[in-house]
Amino acid sequence: MKPFAMLLASAAILVAAPSALPAQNPGQVDTVDSTLPTQLPRTAIPRHYTLTVTPHADRLTFDGEVAIDLEVIKATPSLTLNAADISFASATLAPARGGAPLTGRVTVDDKAQTASIAFPRTLAPGAYRLRLAYSGKINTQANGLFALDYKNKEGKDARSLFTQFEAADARRFVPSWDEPDYKAKWDLTARVPANEMAVSNLPMASSRPIAGGLKEVRFQTTPTMSSYLLFFATGDFERVTKSSAGREVGIVVTRGNGSKAHYALDAEAQILPYYNDYFGTPFPLPKLDNVAGPGQSQFFGAMENWGAIFTFEYALLDDPAITTEGQRQGIYSTEAHEMAHQWFGDLVTMAWWDDLWLNEGFASWMENKTTQHFHPEWGADVDRVGSREGAMALDSLNSTHPVVQQVRTVEQANQAFDAISYSKGESVIAMLENFAGPDVWRDGIRRYISSHAYQNSRTTDLWAAQEAAGAHGLSVIARDFTTQPGIPLITVGPAQCNGGSTAVTLTQGQFSADRQQETAANPLSWHVPVAATAGGSIVKAVTAGRTTQLTMPGCGPLMINPGQYGYYRTLYTPQEAAALASQLPGAAPVDQYGLISNALALSLAGYQPMQTGLDFLAAMPANGSAKVIQRTVGRWDDLYDRLDGDPAAQADIAARVVSGYGPRLRQLGFAPKAGEPAVDAVLRPTLINLLGKYRDPAVLAEASRLFAAWKTNPDAIPGSLKATWLGVIARNADAATWDAIHERARATTGSIERASLYQLLGRAKDDALAQRALDLALTSEPGKTTSSGMITAVAGQHPRMAIDFVLSHLAQVNQLIDISGRSRFMQRLAASSRDPALIPVLENYAQANLAESDRKPIQQAVDRIRSEAAQGQRIRTETAAWLKAHPASGAPAAMGRPERG
Ligand SMILES: [Zn+2]
């Protein structure tokens with residue numbers, strides 16, 4: 001799954017498929033580990049589902065019949081499986097060897113999302129076939145089987161159906177053992193309108209017309225897999241395909257969008273052979289589709305259903321009229337991420353949600369590695385450090401959690417899709433690959449995949465495979481970083497230069513944003529793979545215990561963590577920090593970004609004065625790496641927001657950014673240039689946005705000129721900058737401007753552009769206009785999946801207003817959010833607030849609406865606001881003092897003393 005950011009065939013058909021599926025004996029598949037947590041009693045194991053569904057898209061209901069071949073492993077009078085929002089019509093059970101079927105009595109437990117089927121006599125262990133007839137709901141948010149409405153190519157209302165099952169929503173589609181280690185084979189048959197295209201994990205096996213203008217489509221049997229990976233979609237689609245590495249790769253889009261699918265299709269075709277080689281096991285299915293759906297979710301952007309990835313259109317389609325360069329790169333990384341899951345997650349699946357990070361951390365790391373491999377010019381190594389920083393922001397709070405965490409409720413499983421699972425997981429894997437070396441690590445991955453294919457695994461299985469491949473000592477490091485929360489703090493002692501070598505003592509502690517004293521007195525301890533250089537070659541060591549001595553060649557400024565593979569913070573002495581900051585312009589981009597982020601984080605948390613962090617930030621030359629500037633210029637804006645209430649200091653920062661980066665923007669130009677470096681194309685909108693916020697006259701004038709032209713011609717703004725320029729306008733909008741954007745939103749039929757325009761309405765700084773956006777979001781006008789995005793947009797500028805609005809319309813708003821995204825929606829709305837007055841509001845919300853076990857996202861929001869409030873006054877005072885001492889002209893105050901006489 002990507003956040004920010006789917007079969008009645010005979011065995012003969014399966015054999016005939018070109019996929020060369022390895023022979024599997026269902027009776028011998030290693031699944032259902034009795035030592036794992038479960039929400040279902042371990043009395044039976046499903047082996048094979050034969051499922052027929054008939055959607056009634058107009059009525060938002062569907063009918064289903066399923067025959068489940070299962071094995072009772074413990075004598076039981078009843079069977080309990082998962083079901084949610086399902087109405088049962090009948091339940092019968094027959095022994096596989098024949099005999100009279102038993103009629104079951106079904107009792108549904110809505111809260112547990114289970115159905116128990118009681119039989120007139122105790123079932124002896126053995127094989128049975130359970131037949132269930134039922135009906136279910138088609139949802140309007142992305143849970144279970146859901147509908148997405150849009151305007152088709154001819155401008156008429158259209159509706160397509162899709163499924164989304166991770167983490168625990170297959171049970172809304174089919175009563176099933178809906179836990180990841182109950183792997184089974186699936187035969188899906190769907191009865192759909194004759195003029196529609198139906199898609200599932202495997203290719204169609206047969207299709208025949210049936211009564212009522214329908215057709216019955218049967219898909220080939222899936223390999224053994226987890227229920228959350230099943231997929232079905234039907235709609236007015238078209239499909240573009242290519243052949244790659246002996247498989248068919250395809251993109252399925254709503255009819256008329258085929259030309260926008262080629263960028264994603266080319267990426268798929270490029271990545272598949274690379275993964276076949278990397279994983280050492282060829283992609284096991286005959287085809288791999290990526291199915292695009294209009295709309296959006298507050299929970300995810302794309303989902304790795306096996307052989308049939310689902311991605312929202314905005315993250316998959318390349319449309320020159322609206323797609324930015326950043327979004328194009330996002331299409332590539334989404335493909336890389338979801339395709340990595342085809343092995344890591346789909347072929348080998350975590351045994352329980354405790355190990356969700358194995359899926360998400362790995363896919364995030366592989367996405368970054370693949371992007372860096374094929375597109376080194378995009379600067380994905382810098383993005384890797386960005387992931388680390390995102391993870392550390394959460395991991396430095398008391399309410400963080402270990403990468404491997406206890407998951408006991410469905411809601412906790414949904415909440416596990418956070419920055420710790422994705423970004424800390426990615427960062428820890430990057431560190432471990434660097435420790436093992438890329439070849440050993442890849443061999444370990446190959447061993448892991450081949451020995452757990454079609455089965456489930458746990459985190460320790462991966463470490464065992466790495467050790468077996470030669471990564472000696474990896475397990476102990478991996479264990480420390482995945483079973484403990486938090487971030488190591490490496491404090492660097494004074495460097496001693498002796499005979500051309502530098503000797504230094506590293507002292508290990510724990511970095512915290514909200515418990516500095518507590519963690520200083522009683523830190524956790526890790527085996528940390530550290531690296532250091534003093535201008536010569538890099539030396540490496542693994543810390544064990546409190547202090548570690550390092551000696552390295554050279555006597556230049558000391559840099560710890562060169563290459564930025566380590567997951568730790570580094571605190572230098574003031575002298576070493578100053579020396580290092582002075583060398584920043586010559587450092588590699590990845591280190592520039594890592595050093596600036598590290599220094600600012602330590603300053604913001606109070607480990608060192610703000611001056612140190614600001615010295616690093618200010619040392620970044622305005623004409624330096626476009627990628628690093630794109631990533632760091634926002635740090636000035638972060639400080640700008642923190643200085644709320646000190647207009648003079650804010651004006652100083654704004655002037656500093658405008659005078660420092662205005663020339664860079666003028667050099668880039670206001671419009672895209674053919675053949676320019678991709679990093680320039682991504683930097684341009686970043687600078688336009690920020691300089692627009694700071695009311696740079698040149699940027700505002702260009703925005704006004706383009707907006708005036710756009711009002712009469714929607715193509716007047718270059719497509720790749722449309723959202724950027726309109727964003728500048730929307731932020732500063734008056735009522736007439738807001739109305740003009742609203743008018744255009746209403747008239748736009750393309751679903752991506754339409755949603756983006758409605759969300760722009762939520763960007764207005766003006767209170768009254770923000771309120772109008774909130775009111776509009778609750779009408780049916782924006783569309784069912786767009787409204788929540790408008791509320792989120794309002795929260796960017798007006799978090800308190802958006803939260804108060806949501807709380808007073810909670811039931812209505814909840815209908816506009818995926819079930820799986822609800823408890824984290826409030827956290828997202830609070831993300832731009834530093835107001836301690838919000839804390840009781842959030843806590844009351846959690847108490848009234850969330851089970852005690854499910855309040856972690858709110859606790860994280862509260863901890864962040866509290867820790868920022870605790871440091872706020874110091875940050876403001878020290879930053880204002882630094883600004884005064886370092887005039888925006890670039891000349892430090894110390895050098896600009898008033899002349900005498
Ligand atoms: Zn994922």
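This report goes through selected features of a predicted model: a zinc site, a pocket, a disulfide, a set of paired strands and several individual residues.

**Zinc site**

Five donor atoms coordinate the zinc ion: Met-1 (N), Met-1 (O), His-337 (NE2), His-341 (NE2) and Glu-360 (OE). The distances run from 2.0 to 2.4 Å. Met-1 thus supplies both a nitrogen and an oxygen to the metal. Of these ligands, Met-1 and Glu-360 are buried.

**Second largest pocket**

The second largest pocket has a volume of about 680 Å³. Its lining is made up of 25 residues. Gln-113, Val-410, Glu-411, Ile-819 and Asp-854 are the ones that lie nearest the centre of the pocket. By residue class, the lining divides into 8 nonpolar, 10 polar and 7 charged residues.

Which helices supply at least two residues each to this lining? They are H6 (410-415), H25 (810-814), H26 (822-829) and H27 (838-849). Among the contributors, H6 gives the most, with 3 residues.

**Disulfide**

A search of the whole structure turns up 1 disulfide. It is formed by Cys-497 and Cys-555, with the sulfur atoms 2.0 Å apart. The pair links distant parts of the chain, since the two cysteines are 58 residues apart. Cys-497 belongs to strand E24 (residues 496-498), whereas Cys-555 sits in the loop between strand E28 (547-553) and strand E29 (559-560). The torsion about the S-S bond is about 85°, so this disulfide is right-handed. Cys-555 has a relative accessible area of 39% and is therefore partly exposed.

**Strands E16, E17 and E18**

Strand E17 (residues 247-254) pairs with two other strands described here, E16 and E18. In E17, 7 of the 8 residues are buried, so the strand is largely enclosed by the rest of the structure.

Strand E16 (residues 237-244) runs antiparallel to E17, and 8 bridges join the two. Within this pairing, Arg-239 stands opposite Val-252 in E17. E16 and E17 form a hairpin with 2 residues between them. Ala-245, in the turn of that hairpin, has a positive phi of about 50°.

The pairing of E17 with strand E18 (residues 287-293) is in the parallel sense and covers 5 bridges. Here Gly-250 stands opposite Asp-289 in E18.

**Backbone geometry in loops**

Is the peptide bond between Glu-166 and Ala-167 cis or trans? The bond is cis, with omega about 5°. Ala-167 is located in the loop between strand E10 (157-164) and strand E11 (185-193).

Asn-561 has a positive phi, near 70°, and is a residue other than glycine. The loop that holds Asn-561 lies between E29 and strand E30 (569-571). Arg-695 likewise has a positive phi, near 60°, without being glycine. Arg-695 occurs in the loop between helix H17 (678-693) and helix H18 (697-712).

Is Asn-561 buried or exposed? Asn-561 is buried, because its relative accessible area is 5% and the cut-off for burial is under 20%. Arg-695, at 46%, counts as partly exposed, because that class runs between the 20% and 50% cut-offs.

**Two helix residues**

His-262 lies in helix H2 (residues 262-279). His-262 counts as partly exposed, because its relative accessibility is 38%. Its C-alpha is 9.7 Å from that of Lys-242, a residue 20 positions away in sequence.

Leu-602 is part of helix H13 (residues 589-605). With a relative accessible area of 1%, Leu-602 is buried. The C-alpha atoms of Leu-602 and Ile-271 are separated by 39 Å, and these residues are 331 apart along the chain.

**Accessibility values**

The table collects the relative accessible areas of the individual residues discussed above.

| Residue | Relative accessible area | Class |
|---|---|---|
| His-262 | 38% | partly exposed |
| Cys-555 | 39% | partly exposed |
| Asn-561 | 5% | buried |
| Leu-602 | 1% | buried |
| Arg-695 | 46% | partly exposed |

Note on methods
Residues are numbered from 1 along each chain as its sequence is written. This is a predicted model: local features need pLDDT of at least 70, side-chain atom pairs count only at pLDDT 80 or more; totals for chains, interfaces and linings use all residues. Side-chain values use heavy atoms; hydrogens and water are left out. Donors are N, O and S atoms within 2.8 Å of the metal (3.2 Å for Na, K and Ca); water is not among the atoms, so sites may look incomplete. Buried means under 20% relative accessible area, exposed over 50%, partly exposed in between (1.4 Å probe, protein chains only). On a 1 Å grid over the protein atoms alone, a cavity is a set of points where a 1.4 Å probe fits but cannot get out, and a pocket is an open set with protein on both sides within 12 Å along at least five of seven lines; lining residues have an atom within 4 Å of a point. Grid points are joined across faces, edges and corners, and a volume is the space filled by probe spheres set on the points. Helices (H or I, at least four residues) and strands (E, at least two) are DSSP runs, numbered from the N terminus. Ala, Val, Leu, Ile, Met, Phe, Trp, Tyr, Cys and Pro count as nonpolar, Asp, Glu, Lys and Arg as charged, and the others, Gly among them, as polar. A disulfide is a pair of cysteine sulfur atoms within 2.5 Å. Two strands pair if DSSP finds at least two bridges between them.
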